[in-house]
Each structure stands twice: as C-alpha cells, then as structure tokens.
Amino acid sequence: MTDRPPTLGVLLAGGLARRMGGGDKPLKEIGGMTILDRAIGRLKPQVDALILNANGDPTRFAAWGLPVIADVVPDFPGPLAGVLAALDRAAELDFAWVVSASADSPFLPRDLVQRLHEARVSANTPLVCAASGGFTHPPIGLWAVTLRDDLRRALVVEGERKIDRWTARHGCAAVAWPVAPYDPFFNANTPEDIAAADTILAQYPQA
C-alpha cells in the first residue's frame, strides 16, 4: 500500500495529568522542547490536517496554531471522549478516517499512519491500534468515522469508558513496532518519565 485515504490527525491532551501533579503534560519540556512540539513534529507530516483535543481554556495552546476541540462528553470520561470529538470534527471536514495519538508521546514513529492503514486493509477491520513490547496502546490508533454514532451511544447511554472493550465490538487489528533502542510509544506521565525521556534523547538525538 503506497497511498492512503485522506486522514485527520488528533493529538489527545484531554487528561487531568494527576501523576504529573496537574497541568498540561504535553507542555512539559524534554531536551529543551515541549513534548507537544515533538508530537506535532512527528504526526503532522503524516496526516492531511491536525487538531488538538484538550479541555479548559483553549487559548493556552494558541501558540501552536492548531484547532483545539474539547470533549463532547462531560466530566473527563477518558480518551474515548477525545476520539469521539475528533470523529465529529472529521465528519464536518469530510474525512473518513482519524488517527489519534497521545499528546504526551514524544517519540511517535514516522510511519505510524501508513502502517495503521496498511494493517486496516490487511485485516479488513475499521479500527487499528498501535502495539509495542507485547502491549497494545489503544489511544494510538486508526478510527473509522462511520462508527461515531455507535461510540457516542456507548459513551453517553452505556457509560462505556474502556477503549479496548468498545473496539472489540467492531474488530480492531494491532500493528507492532520494536521497542529497541527505545519504545516509540513511550509517554510522559510522571516527573520520572520526563527524566527518562531526557536520557533517551541524550543517547539517541534523533529519537
């Protein structure tokens, strides 16, 4: 597969960052650059348009020039709410596919979108998630916009909060990346993670 359908990218930054002591995790710095800058630099070249999912005052992200969309379900129900908001925006923009990634992941692979689409075609599924080190990463994945009404019903009516439980209803393929020399889906949840990311960058400046 050398081509892919038009795809909207979304960086999910809607969490409460409790383990980081509050605040916006993506605005923490590693190697002298915010994690958000690094995530944008990785995902933006791979998609046709990029948006940011974040709650609260959107002006704190104004410097990045990305459209900021809030969850469409209240009370911070988790990443699925951010995905739903992105699917709604994708429908408005006439995109059939959304690729989501965590905004606190500084080392996203440069072939993320292409490989997710290839796995979708190979497995004939409407959903694909990334995997590494024997673990899946449900917030990092490919989503068919046609499933947005089902997702809305699951979130609002059924109270569903588990990504993998909802994706299992529809069929979700997984595509794995190697974790050597570092995990491309490393995410910074704690101050210790920030220190670990700095160490990775010191060893692998192109990470």
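Let's start with a pair of charged side chains: Arg152 and Asp149 meet in a salt bridge, with an N to O distance of 3.9 Å. Keep in mind as you look that this is a predicted model. Both residues sit in helix H4, 3 residues apart, which is about one turn of the helix. That spacing suits a pairing of side chains, because an α-helix has 3.6 residues a turn, so residues three or four places apart point the same way. Asp149 is partly exposed, at 46% relative accessibility, and Arg152 is partly exposed too, with a relative accessible area of 27%.

Arg152 has another partner to show you. Its side chain also meets that of Asp88 in a salt bridge, here at 2.7 Å from N to O. Asp88 belongs to helix H2 (residues 79-92) and Arg152 to helix H4 (residues 148-156), so this pair ties together parts that are 64 residues apart in sequence. On the Asp88 side the bridge is buried, since Asp88 has a relative accessible area of 13%. Add Arg148 and you have the whole group: Asp88, Arg148, Asp149 and Arg152 are linked in a network of salt bridges.

The structure holds 11 salt bridges, and one of them is worth a visit elsewhere in the chain. Asp24 and Arg60 meet through their side chains at 2.7 Å, N to O. Asp24 lies in the loop between E1 and strand E2 (29-30), while Arg60 lies in the loop between strand E4 (49-53) and strand E5 (68-69), so the pair ties together parts that are 36 residues apart in sequence. Asp24 counts as buried at 18% relative accessibility, whereas Arg60, at 29%, counts as partly exposed.

Now move to Arg4, in the segment before strand E1 (7-12). What does the side chain of Arg4 reach? One polar atom of this side chain lies 2.8 Å from the backbone oxygen of Gln46. A polar contact of 2.8 Å also joins the side chains of Arg4 and Asp48. Leaving aside neighbours within four places in sequence, Arg4 is in contact with Gln46, Val47, Asp48, Val113, Gln114 and His117.

From these polar pairs, let's turn to the nonpolar interior. The largest nonpolar core has 55 residues, and those touching the most other members are Leu11, Leu43, Leu52, Val98, Leu112 and Trp143. Helix H2 supplies the largest share of this core, 8 residues. Leu52 makes a good place to zoom in: not counting residues up to four places away in sequence, it touches Leu11, Ala13, Leu36, Phe61, Leu66, Pro67, Val68, Ile69 and Ala103. Apart from the largest core lies another, of 11 residues, among them Tyr182, Phe186, Ala197 and Ala207.

Helix H1 (residues 35-43) is a helpful example of an enclosed element. Of its 9 residues, 7 are buried, so H1 is largely enclosed by the rest of the structure. The buried residues are Ile35, Leu36, Arg38, Ala39, Ile40, Arg42 and Leu43, and the list includes two arginines, Arg38 and Arg42.

What about the cysteines? Under the cut-off of 2.5 Å between cysteine sulfur atoms, the count comes to 0 disulfides. The sulfur of Cys129 is 4.2 Å from the closest cysteine sulfur, in Cys172, which is too far for a bond. Looking from the other side, Cys172 is in no disulfide, and its nearest cysteine sulfur is that of Cys129. Cys129 is buried, with a relative accessible area of 9%, while Cys172 is partly exposed, at 31%.

Finally, step back to the chain as a whole. Its secondary structure comes to 6 helices and 9 strands. The C-alpha atoms fill a box of roughly 45 × 40 × 30 Å along the principal axes. For 207 residues, a compact globule would have a radius of gyration near 17 Å, and the 16 Å of the protein chain agrees with that. Buried residues make up 51% of the 207. Among contacts between residues at least 6 apart in sequence, 70% join residues at least 24 apart.

How values were computed:
Residues are numbered from 1 along each chain as its sequence is written. This is a predicted model: local features need pLDDT of at least 70, side-chain atom pairs count only at pLDDT 80 or more; totals for chains, interfaces and linings use all residues. Side-chain values use heavy atoms; hydrogens and water are left out. Buried means under 20% relative accessible area, exposed over 50%, partly exposed in between (1.4 Å probe, protein chains only). Helices (H or I, at least four residues) and strands (E, at least two) are DSSP runs, numbered from the N terminus. A polar contact is a pair of N or O atoms within 3.5 Å; within protein, one must be able to donate a hydrogen and the other to accept it, and residues adjacent in sequence count only if both atoms are side-chain atoms. Contact means heavy atoms within 4.5 Å. A salt bridge is a side-chain nitrogen of Lys or Arg within 4 Å of a carboxyl oxygen of Asp or Glu. A nonpolar core is a set of buried Ala, Val, Leu, Ile, Met, Phe, Trp, Tyr and Cys residues joined through side-chain atoms within 4.5 Å. The radius of gyration is taken over C-alpha atoms; the globule rule is 2.2 Å times the number of residues to the power 0.38.
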